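Reader: I should like to learn how the interface between two chains is read from a model. Please take me through one example.

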There are 4 protein chains.
Amino acid sequence: MPVKDQQDEGEKRMRVHGVFPPMLTPFTPRGEVDEGAFVSNIEKWNRTSLAGFVVLGSNSEAAYLTEAEKLRLIELTSERAASDKMVVAGTGVESTQETVHLTNEAARRGAQAALVLTPSYYTDKMDDRALIAHFTAVADAAVIPILLYNVPKFTHVTISVRAIETLARHANIVGMKDSSGDVPRLTAILNAVPDRFNLIVGTAAAWFPAIALGMRAGILALANCAPNESARVLSLFEEGKIADARELHNRLFALNAAITATFGVAGVKHAAEVCGYAGGAVRSPLQPLREEAKQIIERLCREAGVGE
Amino acid sequence: MPVKDQQDEGEKRMRVHGVFPPMLTPFTPRGEVDEGAFVSNIEKWNRTSLAGFVVLGSNSEAAYLTEAEKLRLIELTSERAASDKMVVAGTGVESTQETVHLTNEAARRGAQAALVLTPSYYTDKMDDRALIAHFTAVADAAVIPILLYNVPKFTHVTISVRAIETLARHANIVGMKDSSGDVPRLTAILNAVPDRFNLIVGTAAAWFPAIALGMRAGILALANCAPNESARVLSLFEEGKIADARELHNRLFALNAAITATFGVAGVKHAAEVCGYAGGAVRSPLQPLREEAKQIIERLCREAGVGE
Amino acid sequence: MPVKDQQDEGEKRMRVHGVFPPMLTPFTPRGEVDEGAFVSNIEKWNRTSLAGFVVLGSNSEAAYLTEAEKLRLIELTSERAASDKMVVAGTGVESTQETVHLTNEAARRGAQAALVLTPSYYTDKMDDRALIAHFTAVADAAVIPILLYNVPKFTHVTISVRAIETLARHANIVGMKDSSGDVPRLTAILNAVPDRFNLIVGTAAAWFPAIALGMRAGILALANCAPNESARVLSLFEEGKIADARELHNRLFALNAAITATFGVAGVKHAAEVCGYAGGAVRSPLQPLREEAKQIIERLCREAGVGE
Amino acid sequence: MPVKDQQDEGEKRMRVHGVFPPMLTPFTPRGEVDEGAFVSNIEKWNRTSLAGFVVLGSNSEAAYLTEAEKLRLIELTSERAASDKMVVAGTGVESTQETVHLTNEAARRGAQAALVLTPSYYTDKMDDRALIAHFTAVADAAVIPILLYNVPKFTHVTISVRAIETLARHANIVGMKDSSGDVPRLTAILNAVPDRFNLIVGTAAAWFPAIALGMRAGILALANCAPNESARVLSLFEEGKIADARELHNRLFALNAAITATFGVAGVKHAAEVCGYAGGAVRSPLQPLREEAKQIIERLCREAGVGE
């Protein structure tokens, strides 16, 4: 459960603890946002051990949503989330000024923190100087705390450990989601940032190793379909049941690999449906799953012991 | 000069011939679009041997512009371009439906063709199936002809030769800008598409080799500062002065490398200023050039014999 | 300590447990193998908690040694290693027949197992079919057990999990060193192979996470200079002192990053000298460390609490 | 035809002009070098327009040959090559001292120049400093002229243009084979080196563009099966028949792509057999072609108009 606590020097810092789904955005067959389905997922997730919600992450097809659609989804999430669930909104776009704008609009609609993707279009120009300038400007102007978001699989940009070390000193940058899957890098980051910096793992493939390294939060695609199991890897470890935590991690591993590395968002959506949530269609240019892929996911859900 | 001509089967096809700048977007120091500067560039370029304009290409910082800014720039370009200059607008965004929307809005504001970037966020899902579906849907719905745009340096996606071969059969897909700089690939594409398909080279580093291979159009960052010189590489070749064309290409090579590979958009903008055009500021997260970089560009302009 | 134990179906399988250094090869300033220095290192390492030795690994500059030099180093290692230390020899070269030849010559000189690098020259042809054929042929012909060796940083080849799953069924393939640093991949491999398959981590950057995942052996460049500390990360974990194990891992992390990722073999050699072992010169084309690099390594040794 | 000519400052420099095959090494089904088949190829190639021979290139499976086999093949080539054909031997291995040794042994067996591959095992350490030191040491000690060999597809190392510029000043470094296929890079190199430096293209996919840029030599896998056609692309261009040269290049393109990018050495060997030369088996871990691949190559030979 996320809490705000008092920090050294009287500074208020957010503590992020537990599992969050990068929430799926269900579309109707005609490609419109299916708000009813979106809300019904929230209501089910409210009854799980999830620590909160990330609206507009990579698995939300945020890249395919208009600004109006984005703001509406933030609003819906804030309204419907149970009071003990934290609401984080993805607000990073390519330009600094638009990212500031979107972050503060998200705050107005109830987001408690913003997850800010690295800009990436001019890939080789997104060096330490540019990234530090960008995130500093956003954090300066934002009325809610900022979490950096590093996902090189999609952006082909990596925030260097040195840049993270610098940015972690900013009073309004409270953590980072790292989806690189690069576990040695997680150690390097942990060694470079203060304890109050919330390093959050962004892929279930590294969930147990990240916990072993001392991390306590995950924003995991897998949590869309297996929220309680994802959260239980952490709680088992915290109870000292390390072998059980590892075994559960191992059991979820193949399903997670299928819905992230192999099949992507359409795979996450099908797994969510297998598990009783609303997946819905993907938006073009993403393509619907082939029948064979659906059967693989159904088998992997059974083997992982998730779903109905 | 671009002309429309009659094709086999009575099909009307656009022919693209000559050099186009991917137009710079000058910003004021406060980060606003400087429309006056933008228009003054068009007026100067109108008096050069350019074949037309590409508004909202990669060098236009299109990724950092709002939709309203984009449409205004298309409008300005259509209004101010000399009547013999073709106007192409970059309209590709991540989602298929938004790309269709933007393409037809561009057409309403006078764009004669649309240059459509590959979607790229879910990089490894942008396979032949997804790209063929995306470009087919856009070309079906667009009221102006479509040019595919392949720029792996920024998108980390490459349209396969096989997908191009398929898409080149679509009546409303009239060509492609390839900025890979991969000259063997250009041969492979030329061998796979009909003559009427306009293969356009997207980097001056491959301009002379592309001409030697039979290509007749370039959308070249270099043309922002050296429009006549860029066009002259082609006209010399067409006059049979092959050694002169090659020599001019070689002379422009180092300057082009600096403003594209090394310094990027900020470099193109400074070179444009050296050559009497308005460059203006870049928009954040792009960072301004350091003084040293400016001096290198000034020296390379002198050595290439461009500018004042 | 390595032991051979009885396996199901009466099959004898080697069990690899503990830490091994990929032994440095000290060269004289004139570039000759310094056998005296090599032997003096073995004698010191004999008195540490190392489980054994890997002669002719990547950090041995094996790529720069002649066959005669290689065989002599194997011989020296077998002769001088304490009786409770296992001796593994790197014997993989590009061709299958030469790898078989070198493996059996290594066995004649006392090697107890062979570590067989993936061939890599024709990178994109080293697919599952080629690698399975290669390792199967080597394992069939070898008179000692085979450990696969995956080190994409140097070879740019990765043995797929599917190929590992197949090869792990071979009676004479007893394990694998994976130096990818890709911890999610380690989970995938562990899920695919039988318990008797010795998965060995090949980089200290992933040592603690690998232990947390259940692995029990490491072939670590760091063990050349910090053998007892490297071994202690494992023994602490096995004693249930998980936080202590993690803390020691974190403490060694920056030194290891410097001597592997940043400075390479010359860095490992300097760190070894700082810690009282013989490093010696590197062989060309490797270049000697600059003075500044030496000082960084000395500082990192102090900060990690290793050395004299 | 290669000739030595007088240069400025009285320096003797080799001029390389025309097409050379990186000669296939035919193996018997048992994996031994088939010297009879090797010699019969030379005798046929002697009657073509080839400018000479490259023995022990990448397509010779040099990585799979012992030193004794290498020296024997150099000897055979020197003995059997027609007097007007130049003999170049590939002598680059990982260590500087072994490269010097092999180069001078090659010279003793009649090689007129050595083609020296970049060392590559410690990929990220093969920076300008290491490569300049390596090639300088080799060129200093070699009794025959040196050609640098850049083939990143296999080595994952690229000699920078800056390093080439430095090395091109060495009296005994007379040129370079570049197999990157990166045509803009060829322009950059040509702009950086003196005229007497022989820049040789290493892939037929870039042959016509390289000629258009002013290059006059190619070491082309394709020349193993289509020596006269490969040479004719150059002679047509030199006769001013540019469109014919381009058309022939385009006609050979798909066959070349198949035997290099798609099928590799086994593909070149099959195409050679289709064209009346001896291909023989590949050595393991390279795998024999599947039947389907053979049929594709046979069709492409017919379509390119080469073979019998």
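**Reading the interface of chain D and chain B**

Author: Let us begin with contacts. In this predicted model, 19 residues of chain D are in contact with 19 residues of chain B.

Reader: How are chain D and chain B related in space, and what rotation superposes them?

Author: The general idea is to superpose one copy on the other and to examine the rotation and the shift along its axis. Here, chain D is brought onto chain B by a rotation of 180 degrees with 0.0 Å of shift along the axis, at an RMSD of 0.0 Å. The two copies are therefore related as by a two-fold rotation axis. Within chain D, D:Pro209 has the C-alpha nearest that axis, at 2.7 Å. Both copies use the same surface, as 100% of the contact residues of chain D recur in chain B.

Reader: How much area do chain D and chain B bury between them?

Author: They bury about 1,500 Å², with 68% of it on carbon and sulfur atoms.

Reader: How many salt bridges and how many polar contacts are found between the two chains?

Author: Salt bridges and polar contacts are counted separately. Across this interface the rule finds 0 salt bridges, while 4 residue pairs are in polar contact, both residues being at pLDDT 80 or more.

Reader: Which elements of chain D give two or more residues to the side that touches chain B?

Author: These are α7 (183-192), α8 (207-212) and α10 (242-262) of chain D. By class, the side of chain D that touches chain B comprises 12 nonpolar, 6 polar and 1 charged residues.

Definitions and conventions. Residues numbered from 1 in each chain as written. Chains lettered and ligands numbered in written order. Predicted model: local features only at pLDDT ≥ 70, side-chain atom pairs only at ≥ 80, totals over all residues. Heavy atoms only, no water. Least-squares fit on C-alpha atoms with pLDDT ≥ 70 in both. Contact = heavy atoms within 4.5 Å. Buried area = accessible area lost by both parts, 1.4 Å probe. Salt bridge = Lys/Arg side-chain N within 4 Å of Asp/Glu carboxyl O. Polar contact = N/O pair within 3.5 Å; in protein donor to acceptor, adjacent residues only side chain to side chain. Helix = DSSP H or I, 4+ residues; strand = E, 2+ residues; numbered from the N terminus. Nonpolar A, V, L, I, M, F, W, Y, C, P; charged D, E, K, R; others polar.
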